[in-house]
Amino acid sequence: MADPVLSDISHRRFNLLRGSWVLVSPHRTKRPWQGMQESPSKTTLPEYDPECYLCPSNTRANGEHNPKFDHTFVFVNDYSAVMEEQQEYHPDNKDGSLASRLLRAEPVTGKCYVICFSPSHNLTLADMSPAQIVPIIETWTNIYVAHLDPKSPLAKLAPATTMPPLSQGDLTAPNAQYRYMQIFENKGTAMGCSNPHPHGQIWTTTSFPEEPATEFVQLSKYRQEQGGCHMLVDYTDLESKEKIRTVYENEGFWAGVPYWSVWPFEIMIVPRQHKRALVDFTEEERAQLADCLAEITRRYDNLFETQFPYSMGLHQAPLTGTEDEIESSHFHIHFYPPLLRSATVRKFQVGYEMMAEPQRDITPEQAAERLRACGGELYRHKFGSESPPSTNGVNGVYGAH
């Protein structure tokens with residue numbers, strides 16, 4: 001159990017996943033705030049917007065026409081951050097010059113996708129039932145499977161999955177074996193989003209990005225030092241017993257505020273058993289994951305009775321890699337939301353956070369307690385609203401946010 005004194009004194013907490021530290025300063029929540037305040041959304045969106053680039057049957061900015069889809073819809077990002085074809089670059093790192101030692105670059109190619117969560121222009125994950133979220137998880141899984149290295153042990157599980165195949169005919173197989181797939185969603189204009197139709201993105205690259213690669217080092221080290229045990233299995237078991245940072249849990253998953261969290265109401269969703277990637281989940285486990293996603297996003301919106309902004313991302317095994325990289329990986333989902341005190345006051349990572357180390361004000365235990373209390377019906381449904389308010393933009397399709 002956390003020592004009660006930590007609720008009153010400044011202290012540091014160790015981030016097991018990154019091998020780094022975060023400064024916790026609980027007393028700072030008492031300081032007056034005269035800084036920037038975000039404007040909460042007051043706009044009500046229609047179920048269909050004829051001007052939206054992502055609604056069914058509409059024309060996108062590049063002239064392509066969306067089909068009249070009735071569930072999830074996936075297409076290659078019209079303004080991808082990485083491309084499959086580009087001019088070749090061969091860095092000269094062997095000439096021994098000072099520039100070759102200090103000025104380093106390497107080419108990155110890949111493929112980026114957009115996934116519309118549903119045809120409805122006004123349905124965020126918080127508005128959706130677990131049954132409506134399951135097709136999103138199935139789509140994530142299908143795209144992950146389509147990019148797996150055929151030699152990966154994960155590829156052998158693909159025929160056993162029960163998801164329906166992707167129906168979009170314009171999606172073609174990748175022209176190279178990519179290293180990693182990052183699935184994520186940015187919700188809200190506070191997170192730099194440019195289109196209000198709820199959707200996420202998938203970036204697949206030849207590189208192993210820094211965040212999941214850093215986590216892998218810690219996951220692998222723990223497994224080696226602890227006789228094959230998995231860090232997040234042990235951590236989830238501990239948190240489930242302690243309860244104080246747990247926000248929601250079901251038979252298959254734990255969801256709570258990590259002991260080392262940086263953002264005020266940060267959440268991590270972790271399977272209780274060792275699961276390397278999406279392809280490891282059974283049909284029942286996908287339903288349990290959908291249940292967790294529905295619960296967490298609804299509690300976020302209920303917390304300040306607003307469309308709660310966040311960046312959410314999945315970390316899992318690379319598409320191709322060593323046996324240790326695949327077997328030490330443990331699927332989990334991060335939610336990084338910026339709001340701090342209310343629907344209008346956000347947390348900024350500046351000053352000390354940028355120059356020294358991350359810092360947070362309220363403790364993870366205090367944040368979890370507040371989120372636990374936000375269960376139940378979505379706040380806006382209590383007011384008899386027939387359609388949910390604006391998401392303030394969900395996930396920038398046309399920008400790298």
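Student: Before we look at strands E5 and E10, what makes two strands count as a pair?

Tutor: Two strands pair if DSSP finds at least two bridges between them. This is a predicted model, and in it 5 bridges join strand E5 (residues 180–187) to strand E10 (residues 310–315). Set against the cut-off of at least two bridges, E5 and E10 therefore count as paired, and they run antiparallel. One place to look is Phe184, whose bridge partner in E10 is Gly313.

Student: Where do E5 and E10 sit in the sheet?

Tutor: They are neighbours in an open sheet of 9 strands, with the order E3-E4-E6-E5-E10-E11-E9-E8-E7 and antiparallel pairing.

Student: What makes E3 and E7 the edge strands?

Tutor: Strand E3 (73–76) and strand E7 (246–249) each pair on one side only. As for the twist, neighbouring strands of this sheet are turned by 20 degrees against each other on average, direction ignored.

Student: Which strands does helix H3 touch?

Tutor: Helix H3 (residues 210–225) packs on the sheet and touches E5, E10 and strand E11 (332–336), its direction making about 50 degrees with that of E10. Helix H4 (residues 231–242) lies across E7, strand E8 (253–256), strand E9 (267–271) and E11, and runs at about 110 degrees to E9.

Student: Why is H5 called roughly perpendicular to H8?

Tutor: Helix H5 (residues 283–304) and helix H8 (residues 364–372) pack at an angle of about 95 degrees, with their axes 9 Å apart. The term roughly perpendicular covers 65 to 115 degrees, so H5 is roughly perpendicular to H8. On the H5 side the contact is made by Arg299, Tyr300, Leu303 and Phe304, and on the H8 side by Arg370, Leu371 and Arg372. These residues divide into 4 nonpolar, no polar and 3 charged.

Student: Now for the charges. How do you know that Lys187 and Asp301 form a salt bridge?

Tutor: Side chains of opposite charge can pair when their charged atoms come close. The cut-off is a nitrogen within 4 Å of a carboxyl oxygen, and the side chains of Lys187 and Asp301 meet at 3.2 Å, N to O. Lys187 lies in strand E5 and Asp301 in helix H5, so the pair ties together parts that are 114 residues apart in sequence.

Student: Why are Lys187 and Asp301 called buried?

Tutor: Buried means under 20% relative accessible area. Lys187 has 1% relative accessibility, so Lys187 counts as buried. Asp301 has 0%, so Asp301 counts as buried too.

Student: What makes Arg223 partly exposed, then?

Tutor: Partly exposed runs between the 20% and 50% limits, and Arg223 has 24% relative accessibility, so that term applies. Its salt-bridge partner is Asp324, with the closest N and O atoms 3.1 Å apart. Asp324 is at 24% relative accessibility and therefore counts as partly exposed. Arg223 lies in helix H3 and Asp324 in helix H6 (residues 323–328), so parts that are 101 residues apart in sequence are tied together.

Student: Which residue forms a salt bridge with Arg276?

Tutor: Glu327 does, at 2.8 Å from N to O. Both Arg276 and Glu327 are buried. Arg276 is in the loop between E9 and H5 and Glu327 in helix H6, 51 residues apart.

Student: Which residues are joined into one network by salt bridges that share partners?

Tutor: Arg13, Glu239, Glu242, Arg245 and Glu365 are joined in this way. A search of the whole structure finds 22 salt bridges.

Notes: Residues are numbered from 1 along each chain as its sequence is written. This is a predicted model: local features need pLDDT of at least 70, side-chain atom pairs count only at pLDDT 80 or more; totals for chains, interfaces and linings use all residues. Side-chain values use heavy atoms; hydrogens and water are left out. Helices (H or I, at least four residues) and strands (E, at least two) are DSSP runs, numbered from the N terminus. Axes are lines fitted to C-alpha atoms, for helices over the stretch in contact, and angles run from 0 to 180 degrees between N-to-C directions. Contact means heavy atoms within 4.5 Å. Angles under 35 degrees count as roughly parallel, over 145 as roughly antiparallel, 65 to 115 as roughly perpendicular and the rest as oblique. Ala, Val, Leu, Ile, Met, Phe, Trp, Tyr, Cys and Pro count as nonpolar, Asp, Glu, Lys and Arg as charged, and the others, Gly among them, as polar. Buried means under 20% relative accessible area, exposed over 50%, partly exposed in between (1.4 Å probe, protein chains only).
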